[in-house]
Amino acid sequence: MTTIQPELWVDAGASAVSFYENAFGARRLHMTGDGEDIVAQLAIGEAVFWVATAGASSERLVPRNVGGSTGRILLVVDDPAAVHGRAVAAGATEKSPVDQEHGWLVGRVVDPCGHEWEIGKPLVEWPPTNTG
């Protein structure tokens, strides 16, 4: 078996877990630590990821604290508009509304920790057939 389980570094772990539960319907698979200083494994559907409080280490950077992010998380769901709306209601900042783009229905938000999420679903067969 091979999986990829990214870990998001945040400044307030328990608050981040609460956001992901409310915004994306994430469920806790594992959590350890006290207060905001936690490490948690979460799942949205079958997609598993980790959340960890960055702490004082200069090696773990929280996007909000450095004014940007080095990547974006693509969350593929059946109803992008509903999930996008829940994320904004839970405290995310809308970066772009849900609209059709490159064969996808997709919108973007930035979570309270500064991580950018693209929420969408393909509107065409994906991946597209390579016509060479």
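Is Arg-72 buried, partly exposed or exposed? In this predicted model, Arg-72 counts as partly exposed because its relative accessibility is 44%.

## Salt bridge between strands 5 and 8

The side chain of Arg-72 meets that of Glu-116 in a salt bridge, with an N to O distance of 2.9 Å. Because Arg-72 belongs to strand 5 and Glu-116 to strand 8, the pair ties together parts of the chain that are 44 residues apart in sequence. The acidic partner, Glu-116, has a relative accessible area of 12% and is therefore buried, whereas Arg-72, at 44%, is partly exposed.

## Arg-108 and the salt-bridge network

Which residues form salt bridges with Arg-108? One partner is Glu-101, and the closest N and O atoms of that pair are 2.8 Å apart. Another is Glu-118, for which the corresponding separation is 2.7 Å. The contact with Glu-118 links distant parts of the chain, since Arg-108 lies in strand 7 and Glu-118 in strand 8, ten residues apart. Both Arg-108 and Glu-118 are buried.

Salt bridges with shared partners connect Arg-72, Lys-95, Glu-101, Arg-108, Glu-116 and Glu-118 into one network. The members of this network vary in their accessibility. Arg-108 has a relative accessibility of 11% and so counts as buried. Glu-101 is partly exposed, with a relative accessible area of 31%. Over the whole structure, a search finds seven salt bridges.

## Largest pocket

The largest pocket holds about 260 Å³ of space. Its lining comprises 15 residues, of which Leu-61, Pro-63, Ser-69, Thr-70 and His-115 are the closest to the centre. Rolling a probe the size of a water molecule over the atoms shows where such empty space is left.

Which elements each supply at least two residues of the lining of the largest pocket? They are strand 1 (7-10), helix 2 (63-66) and strand 5 (72-76). Strand 1 gives the most, with three residues. By class, the lining of the largest pocket divides into seven nonpolar, five polar and three charged residues.

## Second largest pocket

The second largest pocket has a volume of about 190 Å³. Its lining consists of Pro-6, Leu-8, Ile-44, Ala-47, Val-48, Phe-49, Ile-73, Leu-74, Leu-75, Val-76 and Trp-117. Two or more of these residues come from strand 4 (47-53), and two or more from strand 5. Strand 5 provides the largest share, four residues.

How many polar and charged residues are in the lining of the second largest pocket? There are no polar and no charged residues in this lining, and eleven are nonpolar. The lining of the largest pocket, by comparison, includes five polar and three charged residues. Strand 5 supplies at least two residues to the lining of the largest pocket and four to that of the second largest pocket. This strand also carries Arg-72, so the salt bridge to Glu-116 ties strand 5 to strand 8.

## The segment after strand 8

A nonpolar patch on the surface is formed by Leu-123, Val-124 and Trp-126, which together have about 280 Å² of accessible area. Leu-123 is located in the segment after strand 8 (116-122). With a relative accessibility of 41%, Leu-123 counts as partly exposed because this value falls between the limits for buried (under 20%) and exposed (over 50%).

The segment after strand 8 also contains Pro-127. The peptide bond from Trp-126 to Pro-127 is cis, with omega near 0°. Most peptide bonds are trans. Trp-126 thus takes part both in the nonpolar patch and in the cis peptide bond.

## His-102 and Trp-104

Where is His-102 found? His-102 is in the loop between strand 6 (93-101) and strand 7 (104-110). The phi angle of His-102 is near 55°, a positive value in a residue other than glycine. Most residues other than glycine have a negative phi. His-102 is exposed because its relative accessible area, 70%, is over 50%.

Trp-104 lies in strand 7. At 13% relative accessibility, which is under 20%, Trp-104 counts as buried. Trp-104 and His-84 are separated by 20 residues in sequence and by 14 Å in space, C-alpha to C-alpha. Strand 7 also holds Arg-108, which is paired with Glu-118 in strand 8.

Definitions and conventions. Residues numbered from 1 in each chain as written. Predicted model: local features only at pLDDT ≥ 70, side-chain atom pairs only at ≥ 80, totals over all residues. Heavy atoms only, no water. 1 Å grid on protein atoms, 1.4 Å probe; cavity = no way out; pocket = protein on both sides within 12 Å on 5 of 7 lines; lining within 4 Å. Points joined across faces, edges and corners; volume = space filled by probe spheres on them. Nonpolar A, V, L, I, M, F, W, Y, C, P; charged D, E, K, R; others polar. Patch = residues over 30% accessible without salt bridge, like charges linked within 9 Å, V, L, I, M, F, W, Y side chains within 5 Å. Areas by Shrake-Rupley, 256 points an atom, 1.4 Å probe, with all protein chains shown as cover. Salt bridge = Lys/Arg side-chain N within 4 Å of Asp/Glu carboxyl O. Buried < 20%, exposed > 50% of the residue type's maximum accessible area, 1.4 Å probe, protein only.
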